[in-house]
Amino acid sequence: MATTTASRSQLSYLADQMNDLKQKGTHFKLRVLEDPQAPESTFDGKRVINLASNNYLGLTTHPKLREAALEATNKYGVGSGAVRTVSGTMKIHMELEEKIARFKNVEACVVFQSGFAANAGTVSAILGKGDFIVSDELNHASIIDGARLSRATIKVFRHKDAAHAEELLKEVANEPGHKLLISDGVFSMDGDIGPLPALCDLAEKYGAIMMVDDAHSSGVLGRNGRGTIDHFNVHGRVDVQVGTLSKAIGALGGYVCGSRDLIDFLYHRARPFLFSTSHPPSVAATCIAAFDVLEQEPQLMEKLWENTRFFKKELGGLGFNIGGKTTPVSETPITPIIIGEGRLAMEFSRELFNEGVFTPGIAFPTVAEGKARLRTIMTATHTRQQLEKALEVLNKVGKRMGIIS
Ligand SMILES: *Cc1c(COP(=O)(O)O)cnc(C)c1O
């Protein structure tokens, strides 16, 4: 039978939009990884120094995690077979939740299929029509989507601006609805840290629920990677702590930590929990092993920060705009190179790739128009030699393209 797709034109408007992106130069092709996610990897047949992964501690290939995954697969098979609320809660899922709750020193934890599902599922479950969400303008897309799904009124404060957040909280102080104050712990595009102590003060002053998304801080900040709540020592002041298992933890998933009541409520009401199948046992086992590694191998985090300090200093020294003035300055292993124009950022990224360094170009709508950038991410497993090579290529290509002088 002949294919009929070509004759149907209902989706042609999508092709038009893709043509627009091609004209703007921000169209991309997916880079395909052919070997493990590592400091040096093969993408599209080319060996490159990889500054593009969230594999902060190198756990994607850690022997203890691999072993845990294989053992769980042999013991329990490859899938859980159902959603958590039917027959898809395995003992290993409960063990992981208990492990994370102990690690974070909270009453309870619920694991979701991803950090995205954790944020979107939680915000949309705990708030509703008539409630208010006061949210940092650079919060992650999953928070924004969760807020929209909740049908609460959304009020956005200027990035990290606690005084502005207070104005917004004041505006709704006499309204009967619940209020949620929400911030990323570490912001994924700029690598700066949310002003948690000031936000916690506000939440207490105005009786708001305090929620923090620690996706990029888990395994990176705080004692043994306990995140920004530990980093700022605001234990007991954040009602809803979100983390991911997909970045430093090296596997896949998201979680919410908080009171027993909160977690029981989410078991009953969070839609990704109710309507989407739970993790394969191998993933749960991998994550359990990862939390052991966080406790047992603190040298990984030390190496991550040593690499981060070295790379940031050198990168700034080459003359790149790594934040400041109109963009925040990174305080974490994420360091953006601000370019401005989307097309130039994408071209710079392509040229670097051709010369053996992978650092993705990021443009609108992921970041604001005019703030296109390359985003570099350090890991614990990059060698000094790899970093020096990457800097040499950045310097050469940056000069050739007139991005630095
Ligand atoms: C990556 C990220 C998420 C999503 O986590 P996944 O586990 O990849 O779905 C949520 N919030 C922030 C701030 C992130 O950077």
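**Entry 1: the seven-stranded sheet**

I began with the open sheet of seven strands, whose order in this predicted model is 3-9-8-7-6-4-5. I noted that its pairing is mixed. I then looked for its edges and found strand 3 (108–112) and strand 5 (153–157), each of which pairs on one side only. I also looked up the twist: neighbouring strands of this sheet are turned by 20° against each other on average, with direction ignored.

Within this sheet I examined strand 4 (residues 132–136) and strand 6 (residues 179–184), which run parallel and are joined by four bridges. As one residue-level entry, I recorded that V134 has L181 in strand 6 as its bridge partner.

I next asked which strands helix 5 lies across. Helix 5 (residues 141–150) lies across strand 4, strand 5, strand 6 and strand 7 (209–213). I noted that helix 5 runs at about 165° to strand 4.

**Entry 2: the three-stranded sheet**

I turned to the open sheet formed by three strands in the order 1-2-11, again recorded with mixed pairing. Strand 1 (40–43) and strand 11 (357–358) stand at its edges; each has a single partner strand, so one side of each is left without a neighbour in the sheet.

I followed the pairing of strand 1 with strand 2 (residues 46–50), which is antiparallel and extends over four bridges. Here I recorded I49, in strand 2, as the bridge partner of E40. I then located helix 14 (residues 384–400), which packs on this sheet and touches strand 1, strand 2 and strand 11. The direction of helix 14 makes about 100° with that of strand 2.

**Entry 3: the ligand site**

I asked how many residues surround the ligand. I found 15, and the closest are G115, D213, T244, S246 and K247. By class, I recorded two nonpolar, ten polar and three charged residues in the shell. I also looked up which helix or strand gives the most to this shell: helix 4 (residues 115–126) does, with three residues.

I then listed polar atoms facing oxygen atoms of the ligand. For G115, a backbone N or O atom lies 2.8 Å from a ligand oxygen. For F116, a polar backbone atom is 2.9 Å from an oxygen atom of the ligand. For T244, the atom concerned is a polar side-chain atom, and its distance from a ligand oxygen is 2.7 Å.

Finally, I asked how much of the ligand's area the protein buries. Taken alone, the ligand exposes 380 Å², and the protein buries 86% of that.

Note on methods. Residues numbered from 1 in each chain as written. Predicted model: local features only at pLDDT ≥ 70, side-chain atom pairs only at ≥ 80, totals over all residues. Heavy atoms only, no water. Near = heavy atom within 4 Å. Polar contact = N/O pair within 3.5 Å; in protein donor to acceptor, adjacent residues only side chain to side chain. Areas by Shrake-Rupley, 256 points an atom, 1.4 Å probe, with all protein chains shown as cover. Helix = DSSP H or I, 4+ residues; strand = E, 2+ residues; numbered from the N terminus. Nonpolar A, V, L, I, M, F, W, Y, C, P; charged D, E, K, R; others polar. Pairing = 2+ DSSP bridges. Contact = heavy atoms within 4.5 Å. Axes fitted to C-alpha atoms, helices over the stretch in contact; angles between N-to-C directions.
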